[in-house]
Amino acid sequence: MNDQNAIGTYSAENRSFEPSPAFVSRARIASRAQYDALYKESVESPETFWKRETSDLVFDTPWSALSEWKPPHAKWFIGARLNVSQSCLDRHLTTATRDKAAIIWESEPGETLTLTYAALHEKVVAFTAALRTLGVRKGDRVAIYMGMVPEAVIGMLACARIGAPHTVVFGGFAAESLRDRINDCGAKVVLTQDGALRRGNVVPLKATVDRAVETIETVEKVVVLRRLGAEAGSQLRAGRDIDWYDAVAAADPAQGHAEIVDGEHPLFILYTSGSTGKPKGVLHTTAGYLAGTHLTTKYVFDLQDDDVYWCTADVGWITGHSYLVYGPLSNGATCVLYEGAPNQPDWGRFWQIIEKHRVTVLYTAPTAIRAFIRQGNDWPAKSDLSSLRLLGSVGEPINPEAWMWYREHVGKNRCPIVDTWWQTETGAIMLTTLPGASFTKPGSTGLPFFGVRAEVVTQEGQKVPTGEGGLLVLKQPWPSMLRTIYGDDERYREQYWTEIPGAYFTGDGARQDADGYFHVVGRIDDVLNVSGHRIGTAEIESALVAHPAVAEAAAVGRPDDLKGQALVVFVTLKPNQPATPDLKKRLAEHVANEIGKFARPDSVRFAESLPKTRSGKIMRRLLKDIAAGIETKGDVSTLEDLNVLAQLREE
Ligand code: WT7
């Protein structure tokens, strides 16, 4: 396999850190022996394990069999009937959690709004009634295109309460991408807001929705939250659009009840990038997803009743779904929800939020950590971070330097770090250390979570020896796994279950060390990870070739200190198109307009032609080396025209 996606160097990294006795004394899982015993039970007696571990999740009807596996389709908690919003809200109303803060919202300008579990429940019930009154029924799809406001969470939970699968689209996506997603799932209603605040600027979400849904017939209603007020100029289109709180006021209050659904009822669809131009609608269902996120949140973040937990991910990504909404709320946790950018008004914002709300658990991404490192050690030093007790990392490999900085300057050498590996498809954390149970190592994600059998194998599915690189696979189904790709079961089968015999293929390269710890190197397929955002090279390429000046395009990743990977595109132009710097700018802009600003190429390079095999396949491997400015070590014997390489280097 190739590991050209490797970010940072891992070879010399052999430091390890034990959790402090103070941490261990309170930890839910406080020794390696306890982890080992539970892990053993989870794989050898899964019925016993899951029966006990899901006992607090309120099932209307308990499950009669744990799972059914007809490869590649799994069902979990057979016969269970429940509603996720009851597990996240109603179940807390009869306990002291009722009056505990569920959400502490920090707006970008700095206001705070706290919603207790009772208040959040009330708002979700009211909005459920509003959606039902607008005609949303069990099984209908609802698209959510919003910023980081409590109503985004309320919207998700109201959909869950109806049994109407939501599809949240990250607010950074452009109209075209939003349209594709709404179209693909056939959403009936769209929830949005006039505008979101980002770095002091207004992101005009409603205007983007207007452009996206123009030609979509399935969309009957657009519900608009007035985040910015009247002056933001969000025009409501008569008959289609309705103000969020007008919809609540007009609703029949008797319509707020929770629909009890089957455990395998779809909970949501979340689009993610794959190796073709078309995003994949990853489908998650009710009971298994809830069980997976509930359990991982409890044990990986070692949740205690007095924790103030802050996951900085956007609700538009899977981390926002699993660890901002369903996992923490099903555990009755207090969650910080921050609306804005980490550098608004300055690079001290995160640390001020931690001080202000006495945050105890922080879950963020390596790309953010690397951005903080660049701004210097003074920023975190200015705030009181003594409330923190646990740190988490997710989204991409964390380089040991960033890990060490996080440990020293944020955790003050006191807080364990959990480096959690998982994917949109896995629904919940699969590889991690449990913070009170085992030592951690910079750059390693650690061990499998309960019920997870991970292995590093060859293309043929053979386990590779310790220390050697290979493909990361999961050897058996797990409760929170995706059930299919919405509307494309064939693609589900092909992408995940046929590549490696008898296993789920993650798309990642990894190795396992002598302690059994996994080191995930990064994607080995045509998927990039730019600032923790998954981007398919094929999506970028199809956006580029849609431009009138472009004949052919190839997108590759280049290692980048800040973003993990930077996006480099090689473009050949149509005849008579002058290769000007201005055109480079316009092509980068074009991609940003088609997909979203986060996908804007970092560098556009013109080429006479692209390196291809004799059968006409673009050799991305060579382009990657050129983008990285390194000599190609790989085999070029299949390259059709060697001159192409020389030209590209000169460019
Ligand atoms: C891909 C999944 C998981 C939620 C956010 C991203 C990479 C994720 C880690 C980690 C190394 C990681 C993998 C994975 N990744 N976490 N701790 N160490 N790599 O979700 O967009 O579905 O991307 O992110 O390459 O396959 P996603």
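The exchange below concerns terms applied to a predicted model.

Author: Residues are numbered from 1 along each chain as its sequence is written, and side-chain values use heavy atoms, without hydrogens or water. In this predicted model local features need pLDDT of at least 70 and side-chain atom pairs count only at pLDDT 80 or more, while totals for chains, interfaces and linings use all residues.

Reader: Why is Asp-302 called buried?

Author: Buried means under 20% relative accessible area, exposed over 50%, partly exposed in between (1.4 Å probe, protein chains only). Asp-302 has 2% relative accessibility, so Asp-302 counts as buried. Phi of Asp-302 is near 50 degrees, a positive value in a residue other than glycine.

Reader: What makes Arg-199 partly exposed?

Author: The relative accessible area of Arg-199 is 41%, and partly exposed covers values between the 20% and 50% limits, so the term applies. Arg-199 also has a positive phi, near 50 degrees.

Reader: Why are β4 and β5 said to pair?

Author: Strands are DSSP runs of E with at least two residues, numbered from the N terminus, and two strands pair if DSSP finds at least two bridges between them. Strands β4 (residues 101–106) and β5 (residues 112–116) have five bridges, in the antiparallel sense, so they pair. Ile-104 stands opposite Thr-114 in β5.

Reader: How do you know that the largest nonpolar core lies between domain 1 and domain 2?

Author: A nonpolar core is a set of buried Ala, Val, Leu, Ile, Met, Phe, Trp, Tyr and Cys residues joined through side-chain atoms within 4.5 Å. The largest has 117 residues, and Phe-301 and Tyr-326 are among those touching the most other members. Domain 1 (88–99 + 117–267) and domain 2 (444–525) both contribute residues, so this core lies between them; the domain bounds come from an automatic or database assignment.

Technical notes. Helix = DSSP H or I, 4+ residues; strand = E, 2+ residues; numbered from the N terminus.
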